[in-house]
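Subject: Structure handover

Hello,

Here is the structure I promised to pass on. Please open it alongside this email, and read my notes below with it in view.

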Amino acid sequence: MTNTQRTTKSATKSATGTTGTTGTVTADKKYDGFTDEERGAMKERAKELKASSRRGSRTAKADGDSEVRAKIAEMPEADRALAERIHDIVRTSAPDLAPKLWYGMPAYARDGKVVCFFQSAQKFKSRYATLGFSDLAKLDDGTMWPSAYALTELNADDEARIGDLIKRAAG
């Protein structure tokens, strides 16, 4: 292939679309990137980072609690009830974890790094809410352990188990 042929092929490729699996250019191939919800969460995270860089560490803890409570108040009733209980359990079981927003969802951090978080079912159009733990959570148990739990409702046994998980995670 001559340089002229390569240049022409390159120009045609960039002008018409992406290369398909057979090597031919397809203009109708759909981008399978981030969903609207994922893009929204990333935008919220960017706002959170910008806001946290503007305020001092002294006001961050107080602002974090009010921001988390405000975000919980915006949730649909089923998610709101779960998030309020999780918030109360975390604040009771691990008062040293600081509430903060993380990708627009309630999260709880040690030294600014997220240990656990609540994800609303509605946020990503899921059938259940999620209580998740980061790799900083001290939940290690052998060579395999869960790092997220699906929540549809909470009873007293669930709340006790979550309280124990939070205490262990906070170390």
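One aromatic cluster takes in W102, Y103 and F117. Please keep in mind that the model is predicted. Searching the whole structure gives 3 aromatic pairs. In one of them, W102 and Y103 meet edge-to-face. Their centres are 5.3 Å apart, and the planes make 75 degrees. W102 is partly exposed, at a relative accessible area of 26%. Y103 is partly exposed as well, with 36%.

F133 and Y149 form another pair. The ring centres are 6.2 Å apart and the planes stand at 90 degrees, so this pair is edge-to-face. F133 belongs to strand 6 and Y149 to strand 7 (residues 148–151), so the pair ties together parts 16 residues apart in sequence. F133 and Y149 are both buried.

Y103 has another feature. Its phi is positive, about 55 degrees, although Y103 is not a glycine. Y103 sits in the loop between strand 3 and strand 4.

Now the overall layout. The protein has 5 helices and 7 strands. Along the sequence the pattern reads α-β-β-α-α-α-β-β-β-β-β-α. There are 171 residues, and 32% of them count as buried. Take the contacts with a separation of 6 or more: 46% of these are between residues 24 or more positions apart.

The sheet comes next. It is open and has 5 strands, in the order 3-4-5-6-7. The pairing is antiparallel. Strand 3 (98–102) and strand 7 are the edge strands, and each pairs on one side only. On average, neighbouring strands of this sheet are turned by 25 degrees against each other, direction ignored.

Is strand 5 largely enclosed or not, and why? Of the 7 residues of strand 5 (residues 113–119), 5 are buried, so the rest of the structure largely encloses it. Strand 5 has partners in strand 4 and strand 6, as follows.

- Strand 4 (residues 105–110) runs antiparallel to strand 5, and 4 bridges join them.
- Y108 stands opposite C116 of strand 5.
- A109 has V114 in strand 5 as its bridge partner.
- Strand 6 (residues 129–133) also runs antiparallel to strand 5, again with 4 bridges.
- C116 stands opposite F133 of strand 6.

So C116 turns up twice in that list: opposite Y108, and opposite F133. F133 is also the residue whose ring pairs with Y149.

Look at the turn too. Strand 4 and strand 5 make a hairpin, with 2 residues between them. D111 lies in this loop between strand 4 and strand 5. Its phi is positive, near 55 degrees, and D111 is a residue other than glycine. Is D111 buried or exposed? With a relative accessibility of 75%, D111 counts as exposed.

Two helices pack against the sheet strands. Helix 4 (residues 77–93) packs on the sheet and touches strand 3, strand 4, strand 5, strand 6 and strand 7. The direction of helix 4 makes about 150 degrees with that of strand 5. Helix 5 (residues 156–170) lies across strand 4, strand 5, strand 6 and strand 7. Helix 5 runs at about 30 degrees to strand 6.

How do these helices meet? Two packed helices are described by the angle between their axes and the distance between the axes. For helix 4 and helix 5 the angle is about 50 degrees, and the axes are 9 Å apart. Helix 4 and helix 5 are therefore oblique to each other. The crossing in which helix 4 passes helix 5 is right-handed. From helix 4, the contact uses R85, I86, I89, V90 and S93. From helix 5, it uses E159, I162, G163, I166 and K167.

If you want a route through the model, begin at the cluster of W102, Y103 and F117. Then go to strand 5 and its bridges to strand 4 and strand 6. Finish at the packing of helix 4 and helix 5.

Best wishes

Conventions:
Residues are numbered from 1 along each chain as its sequence is written. This is a predicted model: local features need pLDDT of at least 70, side-chain atom pairs count only at pLDDT 80 or more; totals for chains, interfaces and linings use all residues. Side-chain values use heavy atoms; hydrogens and water are left out. Buried means under 20% relative accessible area, exposed over 50%, partly exposed in between (1.4 Å probe, protein chains only). Two strands pair if DSSP finds at least two bridges between them. Rings of Phe, Tyr and Trp (its six-membered ring) pair if their centres lie within 6.5 Å; planes under 30 degrees apart count as stacked, over 60 as edge-to-face and the rest as tilted. Axes are lines fitted to C-alpha atoms, for helices over the stretch in contact, and angles run from 0 to 180 degrees between N-to-C directions. Angles under 35 degrees count as roughly parallel, over 145 as roughly antiparallel, 65 to 115 as roughly perpendicular and the rest as oblique. A crossing is left-handed if the near helix is turned anticlockwise from the far one by less than a right angle, and right-handed if clockwise. Contact means heavy atoms within 4.5 Å.
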